[in-house]
Amino acid sequence: MSSNDSTVSANIVIQTPLFDKLLSKFLEHIFVSTPFLFFSISIYLTISLFNSQIWIAMLLYLTFIIFDTAPSSGGRKVTGKFSIIRTKIVDNCAKYFPWEIVADGKLNENEGPYLFVCHPHGLWGFGTWMTIAGSTFMEKYPKINAYVATINISFLIPFIRDILLSFGFIPVTKTSIKSILKKGKSYAAAIVVGGAAESLLMKPGTNRLVLNRRKGFVKLAIQTGAHLVPVYSFGETNTYNMYSNAYIAIAQKYIAKILGTPIWTVVGDPVIVEKNQNPSQEEIDALHAKYVSALRTLYAKYRDQYDSDRIEELSFWE
């Protein structure tokens, strides 16, 4: 065989579908590990800069964090090239599972604002942030400006807080969420109401929600006139396995599934909310019941299509 023949043979081997699939999967693993990578880099940079000759710069940066009002005043608007980079990262994360958004509900940018109430939490809430920060959401709802509310302490971690803000995240506080919802009818905020308590209940094939006593989001919606949009990510609880040992579960250790698990995030029709600055408990309870009913209906509509391997139906634990 000639040298040219060898080259052709080598190229044929490298360009096989199997090689392309493995390379693609490797790159997707890298992208989905981005949150862990960002956190590690943040800790490393913080320690390194404090032990370097530019420690004063780090001190000034920490001072900036203390006085920066962006987290509490509605985050930061992401535009230009960074917006493209952000969506590229999120879209590649979405390919890992793979993930798909199902636009069941109709959202009009002139009829908001909207409060996306996302379920279930899972371990990381992949479905929620991929829904809001990815290009697919922008294609489905091009005129809705959505932000994701996440744990407050994240915005106290150097560098991480700025990455989160640039990705469209805000702290899950009344002040921050209200500042988004008051910007206009085309704005929306997304929250995962189950929180850490719900993440500890996760198990593949289950749909366990912490919602019965979570009514703060309902009161907030009434006070701002934000319509409640049920969002359910089928497959979210299948992305990780939790160890049965209680101590390890609290630490949220997990076993990742190597090839990824499909996630289908369904965005439902909004539950219409009448604005009232001082809602009574009866109003809050009534709207909460109406929202739960809408969520049950949304889940029942798609469970056989996207959750056929479930071992438990939708259930409310708290």
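L59 sits in helix α4. In this predicted model, L59 has a relative accessibility of 42%, so it counts as partly exposed. L59 also belongs to a nonpolar patch on the surface. The other members are F50, W55, I56 and L60. Together these residues make a patch of about 500 Å². Helix α4 spans residues 55–67. This helix gives the patch its largest share, 4 residues.

**Charged pairs**

Now turn from nonpolar side chains to charged ones. Side chains of opposite charge can pair when their charged atoms come close. How many salt bridges does a search of the whole structure find? The count is 9. The table lists three of these pairs.

| Salt bridge | N to O distance |
|---|---|
| K301 and D104 | 2.7 Å |
| D162 and R161 | 3.1 Å |
| E109 and K143 | 3.8 Å |

**K301 and D104**

Start with the side chains of K301 and D104, which meet at 2.7 Å. Where do the two partners lie? K301 is part of helix α13, residues 281–306. D104 is in the loop between β1 (99–103) and β2 (114–119). The partners are 197 residues apart in sequence, so their salt bridge ties together parts that are that far apart along the chain.

Are these two residues buried or exposed? K301 has 53% relative accessibility, so it counts as exposed. D104 has a relative accessible area of 16%, under the 20% cut-off, so it is buried.

**E109 and K143**

The loop between β1 and β2 also holds E109. The side chain of E109 forms a salt bridge with that of K143, at 3.8 Å from N to O. K143 lies in the loop between α7 (135–140) and β3 (145–150). This pair links distant parts of the chain, 34 residues apart.

E109 counts as partly exposed because its relative accessibility is 22%, between the cut-offs of 20% and 50%. K143 is exposed, with a relative accessible area of 53%.

**R161 and a network**

R161 pairs with D162 through their side chains, at 3.1 Å. Is R161 buried or exposed? Its relative accessibility is 0%, so R161 counts as buried.

Salt bridges can also share partners. Here, such sharing joins R303, D304, R310 and E313 into one network.

**Looking back**

Find L59 on helix α4 in the structure above, and then the nonpolar patch it helps to make. Next, find K301 in helix α13 and its partner D104 in the loop between β1 and β2. Finish with the network of R303, D304, R310 and E313.

Technical notes
Residues numbered from 1 in each chain as written. Predicted model: local features only at pLDDT ≥ 70, side-chain atom pairs only at ≥ 80, totals over all residues. Heavy atoms only, no water. Salt bridge = Lys/Arg side-chain N within 4 Å of Asp/Glu carboxyl O. Helix = DSSP H or I, 4+ residues; strand = E, 2+ residues; numbered from the N terminus. Buried < 20%, exposed > 50% of the residue type's maximum accessible area, 1.4 Å probe, protein only. Patch = residues over 30% accessible without salt bridge, like charges linked within 9 Å, V, L, I, M, F, W, Y side chains within 5 Å. Areas by Shrake-Rupley, 256 points an atom, 1.4 Å probe, with all protein chains shown as cover.
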